[in-house]
Amino acid sequence: MPITRIAVGRHQEVTHPDALRAALAEFISTLIFVFAGEGSGMAFNKLTDNASTTPAGLIAAALAHGFGLFVGVAVGANISGGHVNPAVTFGAFVGGNISLLRGILYWIAQLLGSTVACLLLKFCTNGMTTSAFSISSGVTVWNAFVFEIVMTFGLVYTVYATALDPRKGNVGIIAPIAIGLVVGANILAGGAFDGASMNPAVSFGPALVSWDWTHHWVYWAGPLIGGGLAGLVYDLCFISQSHEPLRSSPA
């Protein structure tokens, strides 16, 4: 059972050099990802007179986020596991793959990475707005909430299947691209409804820099519930049935 493997961790862990290096890797990976993803939306708005909500804008967002996440996961995989997402970290914690204290360290690094990326974008674009995630007209807050749960479930399930499962074998090689592809696909599915965040850090940076917190809770509660459920389901149904030891990080 995954619950038996959940660990708080020792306080020395958050000051250990390896943990600090892992946190730095999460900071840089998240910065790269958010800079590319949020920046693509800002660039498209500039080039098309604020038409990022068009079909072309949705495709551009899916590609930028998919490619950006592929790189962010790949460059952090050997150091921190390449979480790049508090929901992924929470899902890994629920499955007993990371301690609570190390997970909190990752969360801090991810949120800082997203915030710094948005500040850099605002500076580099001479003050353009880093738009916070928002719910489209005709979509209720509960519609968006369920969207975030389902999309993040698919994302974290993919992380478990390709990166965390100890039997993954050669599939682990394609983990970064598989994770990037599922995010891109989910943006094509849900982007027109609620922006398809799947990542509290991605939502936090733009909201903080633009100071727009409208329905912000949706982009925390939905991904964390979806990520936690994916961790429980995959671990209970597929990992706990094997007697192989778990790895401590996604890659």
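At what angle do helix α3 and helix α4 pack, and how far apart are their axes? The close-ups below, all taken from a predicted model, start with that pair.

**View 1. Helix α3 packs with helix α4.** Here α3 covers residues 86–94 and α4 covers residues 100–124. The two pack at an angle of about 175°, and their axes are 9 Å apart. Angles over 145 degrees count as roughly antiparallel, so α3 is roughly antiparallel to α4. On the α3 side, look for Pro86, Thr89, Phe90 and Phe93. They meet Leu100, Gly103, Tyr106, Trp107 and Gln110 in α4. Sorted by class, this contact of α3 with α4 has six nonpolar residues, three polar ones and no charged ones.

**View 2. Helix α7 comes within 9 Å of helix α8, axis to axis.** In this view, α7 runs over residues 200–210 and α8 over residues 218–239. Their axes cross at roughly 170°, and α7 and α8 are therefore roughly antiparallel to each other. Pro200, Ser203 and Phe204 of α7 make the contact with Tyr219, Trp220 and Pro223 of α8. By class, you will find five nonpolar residues, one polar residue and no charged residues in the contact of α7 with α8.

**View 3. Helix α1 spans residues 17–48 and is followed by Asp49.** With 32 residues, α1 reaches 46 Å from its first C-alpha to its last. That span is close to the 46 Å expected at 1.5 Å a residue. Follow the chain just past α1 and you meet Asp49, which takes a positive phi of about 60°.

Notes: Residues are numbered from 1 along each chain as its sequence is written. This is a predicted model: local features need pLDDT of at least 70, side-chain atom pairs count only at pLDDT 80 or more; totals for chains, interfaces and linings use all residues. Side-chain values use heavy atoms; hydrogens and water are left out. Axes are lines fitted to C-alpha atoms, for helices over the stretch in contact, and angles run from 0 to 180 degrees between N-to-C directions. Helices (H or I, at least four residues) and strands (E, at least two) are DSSP runs, numbered from the N terminus. Angles under 35 degrees count as roughly parallel, over 145 as roughly antiparallel, 65 to 115 as roughly perpendicular and the rest as oblique. Contact means heavy atoms within 4.5 Å. Ala, Val, Leu, Ile, Met, Phe, Trp, Tyr, Cys and Pro count as nonpolar, Asp, Glu, Lys and Arg as charged, and the others, Gly among them, as polar. The expected span of a helix is 1.5 Å times one less than its number of residues.
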